[in-house]
Amino acid sequence: MVFALLGFAAPVAVIAQTPAASAPQNLQDTGLYADFRTLQVDPRHLVFTPQYPLWSDGALKRRWISLPAGGVIDGSDPDAWVFPVGTRFWKEFSFGGQRIETRYLERQADGEWLYAAYTWSADGREATLTSQKGRRNAFQLAAGRSHTIPGVNDCKACHQGVRSEILGFSTLQLSRDRDPDAPHAEPRSLPDVDLNYLVEKGLLAGLPQPLVKTPPRIIAASATERAALGYMHGNCGHCHNDQGPLKNLGLFLRQIPADRMQPAVTTTVGHPVRKPAPGQSPEAALRIDPRHPQRSALLERMASRYPPLQMPPLGTELADQDAVALLQRWISDLDASPAESNPQPKVHHQ
Amino acid sequence: MKPRVLLIATAALFAPGIALAQSNPADQQVKRGEYIVTTAGCHDCHTPLMMGPEGPAPDMKRALSGHPEEMKITAPATTTPPWMGAFSPTLTAWSGPWGVSFSANLTPDPETGVLRDFSEQQFIQTMRTGRHLGQGRQILPPMPWQVYGKLTDEDLKAVYAYLRQITPIKNKVPDPIPPAK
């Protein structure tokens, strides 16, 4: 009930008519580096690695958070942490050993998040503010595709799908009970910035005790299912959830720690497609057709990069073949009537 | 009660009602939406043109219902430089480097209207981002969402309110066609 009330009190944001604030022109002015000349990151910033990383066409990513002096994250709603004013996040994207862009989020005095992206020069000596519209052809990928640095509205299209607007720094993503089968799992950072670290350091307060005592994990029928649901949480759940603007689609792929049911299964497996996307196969009548990955619309859209059909619709130019293979295994192994046989609890924290 | 007093009392009874009808916020919002839709060019692409005695004119019997489903188009137009695009006689199908796009059915038809799954918030997000439902696939040219995205929330809400109460027209607009390889 408390969570439901919070949901009403803090609805997801709507993209504003005009941007409220502007970001620094250069990355170094955001405070990421102690010494920009040597690219030494300020050691006071915390490195973190979400256990279910977002697929970004194989980019190598590094992430940092900086809390203001004395600032504490309010974790009393485990599904929507509240970050203190002045919190800053950075995410650096590299392809082929070359820094391409660094994205930046900063919580403003009015509570709004400032969104920015910085484009690295070819010699790696400068990183300047990218246009609000983003930048195409920032790096040549495979198959004639190229990496696009997203515009601010595209950043918000995903981030504003959840109340906190922060996607990779959350209860499940920072659980100590990490999924060893998560696609593209990254090595843990040092120090290992997980839930327990944050609580012990006094940087995260209010997190329900069961989540502190027993790190949350997705409870699933198999290791494959756990990894598949986790992948969808990290790559799809920020838009497809029961609180954001797309809730009326009834497709809930985000794992919520306080929720004991598993909507990521019940809203997909055996669930009819409501409105086929352009280019969708007529055979794909169900979101997930148990035992039939080739007839599963969700997988078809994940595997496609035809723009009207592909999922996610932005932020990626190449299908994630590892994830496609994972979901194929999961769907092939599914029981034909999972909605009846598999109404399992979703995240264990007892 | 004298007739004059009765007249005054009657007028007093009805006057607030008249004033209320004139200032009904919902009606005003719809009127505002109609004004924007009419003056901002929505009919130019979403109401098919038909040839009449005075040349092409919007077919208002199909107002805002998008590309007519019976007009079949199966491939992008073939153009030679310097031309890079073409459009159908109805001005509802557009061929260019993006393939072929078809103007959407904006009427509230429950089966074929594009807005049938859109909330008011999603409609605003769509105009702001140029993405279907505000978060999905890109809206194709020549839809000038960049212009309409600069409208205020109030104006976009008015457009949404107007479009949700116009006459529904059943017309299944085809899916876009990819560009020729």
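Begin by selecting chain A of this predicted model, where the secondary structure comprises 9 helices and 14 strands. With that selection still active, colour the chain by burial: of its 350 residues, 44% count as buried. If you then draw the contacts within chain A, restricting them to residues at least 6 apart in sequence, 59% of these join residues at least 24 apart.

Next, select the place where chain A meets chain B, a contact to which chain A gives 18 residues and chain B gives 21 residues. On the side of chain A that touches chain B, the residues divide into 11 nonpolar, 5 polar and 2 charged.

Now hide chain A and turn to chain B, which has 6 helices and 5 strands. Following chain B along the sequence, you will meet the pattern α-α-α-β-β-β-β-β-α-α-α. Coloured by burial, chain B shows 30% of its 181 residues as buried, and among its contacts between residues at least 6 apart in sequence, 58% join residues at least 24 apart.

Within chain B, select strands 3, 4 and 5, which form an open sheet in the order 3-4-5 with antiparallel pairing. The edges of this sheet in chain B are strand 3, at residues 86-87, and strand 5, at residues 99-102, each of which pairs on one side only.

Finally, zoom in on strand 4 of chain B, residues 93-96, which is joined to strand 5 of chain B by 4 bridges, the two running antiparallel. Which residue of strand 5 of chain B stands opposite Ala93(B)? Selecting the pair shows that the residue facing Ala93(B) is Phe102(B).

Conventions: Residues are numbered from 1 along each chain as its sequence is written. Chains are lettered from A and ligands numbered from 1 in the order in which they are written. This is a predicted model: local features need pLDDT of at least 70, side-chain atom pairs count only at pLDDT 80 or more; totals for chains, interfaces and linings use all residues. A residue is buried if 20 or more other C-beta atoms lie within 10 Å of its own, exposed if 12 or fewer, and partly exposed in between; C-beta atoms are placed from the backbone. Two residues are in contact if their C-beta atoms, placed from the backbone, lie within 7 Å. Ala, Val, Leu, Ile, Met, Phe, Trp, Tyr, Cys and Pro count as nonpolar, Asp, Glu, Lys and Arg as charged, and the others, Gly among them, as polar. Two strands pair if DSSP finds at least two bridges between them.
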